[in-house]
Amino acid sequence: MKPGGEINFYLLVSPELKDFPQPDAYEVLIHKNGETTAVEVNGDKAKVPTAEGRYFMTVKAIWSGDVKGEAIYAFLLSVKEK
């Protein structure tokens, strides 16, 4: 990802679960060098850090409609210009 870019979140489900709803909200945290930073989320989009480097990112997907629950996903995020 390029510094300052944007990530879009979308959960893919198998065809037999095609009616399963997308999350109602997301909470995103970036972890680097022992520090944790909350990332502002706008709908299903979040900004990538502006400094190059490798980050650990956790994304909490939250369902609050007919389906209620949470799931946490973890990613390694590599931010670089090229």
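**Exercise 1. Determine which backbone oxygen the side chain of Lys68 reaches at 3.3 Å, and describe the setting of Lys68.**

Solution. Step 1: the backbone oxygen at 3.3 Å from the side chain of Lys68 belongs to Ser64. The model is predicted: local features need pLDDT of at least 70, side-chain atom pairs count only at pLDDT 80 or more, and totals for chains, interfaces and linings use all residues. Residues are numbered from 1 along each chain as its sequence is written, and side-chain values use heavy atoms, with hydrogens and water left out.

Step 2: the side chain of Lys68 also reaches the backbone oxygen of Gly65, at 2.8 Å.

Step 3: Lys68 is found in strand β7, residues 68-79 (strands are DSSP runs of E, at least two residues, numbered from the N terminus).

Step 4: the relative accessible area of Lys68 is 66%, so this residue is exposed (exposed means over 50%, buried under 20%, partly exposed in between, with a 1.4 Å probe and protein chains only).

Step 5: from C-alpha to C-alpha, Lys68 and Asp24 are 9.6 Å apart in space, while 44 residues separate them in sequence.

**Exercise 2. Establish whether Thr58 is buried or exposed, and list what surrounds it.**

Solution. Step 1: Thr58 lies in strand β6, which covers residues 53-64.

Step 2: Thr58 counts as buried because its relative accessibility is 14%.

Step 3: not counting residues up to four places away in sequence, Thr58 touches Glu27, Val28, Leu29, His31, Ile72, Tyr73 and Ala74 (contact means heavy atoms within 4.5 Å).

Step 4: with His31 there is also a polar contact between the two side chains, at 3.1 Å (a pair of N or O atoms within 3.5 Å; within protein, one must be able to donate a hydrogen and the other to accept it, and residues adjacent in sequence count only if both atoms are side-chain atoms).

**Exercise 3. State what is noted about phi of Asn33, and locate this residue.**

Solution. Step 1: phi of Asn33 is near 55 degrees, a positive value in a residue other than glycine. Most residues other than glycine have a negative phi.

Step 2: Asn33 is found in the loop between β2 (25-32) and β3 (35-39).

Step 3: at 71% relative accessibility, Asn33 is exposed.

**Exercise 4. Give the order of the strands in the open sheet of three strands, and identify the edge strands.**

Solution. Step 1: the order is β1-β5-β4, with antiparallel pairing (two strands pair if DSSP finds at least two bridges between them).

Step 2: β1 (6-8) and β4 (41-42) are the edge strands, each pairing on one side only.

Step 3: β4 pairs with β5 (residues 45-47) in the antiparallel sense over two bridges. Lys45 in β5 is the bridge partner of Asn42.

Methods: Helix = DSSP H or I, 4+ residues; strand = E, 2+ residues; numbered from the N terminus.
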